[in-house]
Amino acid sequence: MAFTLDRRAFLAGAAAAALPCAPAIAAAPPVRIGLMTVKTGPLAQGGIQMEQGFTLFLKHRNSTLAGREVELIVADTGGNPAGAKTKAQELIERDKVDFIVGPLAAFELLAITNYVEQHKVPMLSLAAADDMTQRKPNAFFVRASATSSQCTHPLGDYAAKEMKLKRVATISEDFAFGYEQIGGFQQVFEDSGGRIVMKLWPPLNTADFTPFISQFAGIDGVMNGFAGSNPIKFNQQYAELGAKAKWPILGGWTAYDDALLKSFGDDAVGAISAAWYSSEIDTPSNKRFVADILKEYGNIPGGYAAGLYINGMCIEAALKKTGGKTEDRQALIAALRAVSLTDTPRGPFHFDHLGNVVGTVFIRRLERKNGKLVNTIIKTYPNVSQFWTYDEKEYLAKPVYSRDYPPLKS
Amino acid sequence: MSRPAAVAAALLVLASVPLWVGNSYYVNIASQILIYAVFALALNVLVGYAGLVSLGHAGLFGIGSYALAWLLADGWGHLPAALAALLLILGASAVFAVLSLRATGIGFLMITLALGQILWGLAYRWISLTGGDNGINVNSRPAPFGVALDGATPFYYFTLILFLAAVGSMAVFVASPFGASLKGTRDQPRRMTALGYNVWLIRFLAFLFSGFWSGVAGLLFCYYNEFVSPNVLALGSSAEVLLMVISGGTGTLLGPIAGAALVVIMKNVASAYIERWNLVLGAIFVAIVIFMPEGLVPGSVRLWRWLWTGMRRAPARGGAR
């Protein structure tokens, strides 16, 4: 160790060399933030947007939060659980970070949650696994984005009450994020008088959705929970097969994320989606955020970039509350969970006692305006909790939404 | 350097790792290398000594991980859970072997690939048993003889002991008459049959041996990560360990260990500094294939001998003049 030049020693040395006249500043160690993202493999697109969002936030704050300099360490997990564990060890044991931001995918988060909690490092992640803030909570975790089902609960309400849909088929990738999104939709939609008649689960790497789309019959709408690049393929085939003309299409936030708009064609126009963030939100900080992401990276930001920007704002607010101190981890996580902000890219939000966000969910319609595709906000559901309008105890007594829960009514 | 001296030096280096690498993060990386080395050594029994290339070994590795995680979650103690998991691995290996040893060569590869994918599919879809995509968390590590393995250093030594046991058993295996007969079935299966050897049985037993150590590596991996998910059973894991064996040198004891070290270090340590680390890893593999087609360890030995004899020959020629 004595002779190895790690990044920490290098930074300290560089800082000391660069600031010979300001020893007071060089002596105060920076706040160290570890960003766990995915820069290689199939999840890389979202991972790179995450990094863009956080980098822009630090740029806006001149890399200084609550008077303390910030050092960002970016780790690429490769999008797999074992990689996430190793990178978490690297960030916590070697780099001694004060906060972990990320990881991206639920299975990565679940692989490191116990480890991070044992080491008492506050973690802010976009990964949506419901149980992270429900049946298996982590005392050092906050989620400023949403659980998988948090946006599809209000979408179920909207589909039944405003769109007056009665019989809906669902389609989503065959993994936990899909199950939880569809489960949430089904729960609220059926409690509001609708009926799910068919649930289809194409494998993650399905190239052709035609055999699935051709199974739809006897319905008046389709709900999809696709993520990644699948929404592009799916919407194209859904329109080509003439299904779009027959049944309106609904989707979760990843299915019609604003970052995908540049890849969609007219196939997707008319889609109704529910999201916790929209680039159309009219707040000063969102306007500045969207304009600067466009300027720096040339694309409209979606949930991945916005989520990380908002995570940065949460860290800043928590550090202001502790006076920039990070040593007392209990005080730090308490400050983080007490964060309540109003002017953020997603609008006002706060956290519940399990560390999950309570905030606005937007219902959007995808439209072509002045030649450009936009997700126009058509309804807002303020203060949506992860439990929707259900009682928390009763909600938690039920199993987590899965492939078979809630079951189809015969 | 004589062989016993080299072994003693290697043991000394391995045993003192936690003292000189400094940070517990690097101790954990060393543990990972040893776990993957055990896995690669196990696969090497089939690939290197039996000439049977398997693309389904992550299935056996994963059965070990899942069985342990599931039994622990069900409330079993560490020792009974680990023993039951090992028995299950032997059973699964036997099934794997019976099904796949109907063929050799590409046929064997395809059958093992299919079996591995079936297990991956089960782990992914049998959600009530495996937790599906979300996996299973293991909440504690064992404490054999009262030594808690929670820290990085005790766990490293625990892994090291099992690693040495694996290397020792492999060395004995390779040098034994059984090892020789296995190599015979690789090189001349028809002659072996003609000589009265039961080629199928020899391969079957070698498969069990390989499956057993793959499972042990799976148990270690489960305890190391304290988490299992279908990712451990994926085709990518099977291919990765095969790459370790081939890049390090098939049919050697040190090759798979070197291959494991190469891949783990590139994947975990170098990736912190090089964004396109998999490009670099790919380039290294290509270089190995071009310059040392027999693998890193035998290739280095060949280069070293070539240099050594070259150096000795030069003055000898001068003296003759």
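A good place to start is A:D98, which pairs with A:R329 in a salt bridge whose closest N and O atoms are 3.5 Å apart. This link joins distant parts of the chain, since 231 residues separate the two partners. The model is predicted, and the notes below walk through its salt bridges, the contact between chain B and chain A, and the nonpolar cores.

**Salt bridges within chain A**

- A:D98 sits in the loop between helix 4 (81-94) and strand 4 (99-101) of chain A, while A:R329 belongs to helix 13 (residues 329-337) of chain A.
- Both partners, A:D98 and A:R329, are buried.
- A second pair to look at is A:D292 with A:K295, whose side chains meet in a salt bridge at 4.0 Å, N to O.
- Because A:D292 and A:K295 are 3 residues apart in helix 11 (residues 284-297) of chain A, about one helical turn separates them.
- Their surroundings are worth a glance too: A:D292 has a relative accessible area of 16%, so this residue counts as buried, with the limit for that class being under 20%.
- A:K295 has a relative accessible area of 65% and is therefore exposed, since that class begins over 50%.
- A:E367 and A:R365 also meet through their side chains in a salt bridge, at 3.0 Å from N to O.
- A:R365 counts as partly exposed because its relative accessibility is 33%.
- Salt bridges with shared partners also tie A:K87, A:E90, A:R94 and A:D95 into one network.
- Over all chains, the count comes to 25 salt bridges.
- As background for these pairs, side chains of opposite charge can pair when their charged atoms come close.

**Where chain B meets chain A**

- The contact draws on 32 residues of chain B and 28 residues of chain A.
- Three residues, B:Y25, B:D133 and B:N134, supply 19% of the area that chain B buries against chain A, which is more than any other three residues.
- Between them the two chains bury about 2800 Å², and 45% of this is on carbon and sulfur atoms.
- How many salt bridges does the rule find across the interface of chain B and chain A? There is 1, and A:D174 forms a salt bridge with B:R125, with the closest N and O atoms 2.9 Å apart.
- Polar contacts across the interface of chain B and chain A come to 14 residue pairs, with both residues at pLDDT 80 or more.
- On the side of chain B that touches chain A, the elements giving two or more residues are helix 3 (24-50), helix 6 (105-125), helix 11 (199-225), helix 13 (254-269) and helix 14 (277-291) of chain B.
- Helix 3 of chain B provides the largest share of that side, 6 residues.
- By residue type, the side of chain B that touches chain A divides into 13 nonpolar, 14 polar and 5 charged.

**Nonpolar cores**

- The largest nonpolar core holds 95 residues, of which B:L68, B:F163, B:L182 and B:W213 touch the most other members.
- Helix 3 of chain B gives the most to this core, 20 residues.
- Which residues is B:L68 in contact with, leaving aside its neighbours within four places in sequence? They are B:A81, B:A82, B:A85, B:L219, B:C222 and B:Y223.
- Another core of 78 residues lies apart from the largest one, and A:L56, A:L126, A:V188 and A:A227 are among its members.
- More generally, nonpolar side chains tend to be buried together in soluble globular proteins.

Definitions and conventions
Residues numbered from 1 in each chain as written. Chains lettered and ligands numbered in written order. Predicted model: local features only at pLDDT ≥ 70, side-chain atom pairs only at ≥ 80, totals over all residues. Heavy atoms only, no water. Contact = heavy atoms within 4.5 Å. Buried area = accessible area lost by both parts, 1.4 Å probe. Polar contact = N/O pair within 3.5 Å; in protein donor to acceptor, adjacent residues only side chain to side chain. Helix = DSSP H or I, 4+ residues; strand = E, 2+ residues; numbered from the N terminus. Nonpolar A, V, L, I, M, F, W, Y, C, P; charged D, E, K, R; others polar. Core = buried A, V, L, I, M, F, W, Y, C linked by side-chain atoms within 4.5 Å. Buried < 20%, exposed > 50% of the residue type's maximum accessible area, 1.4 Å probe, protein only.
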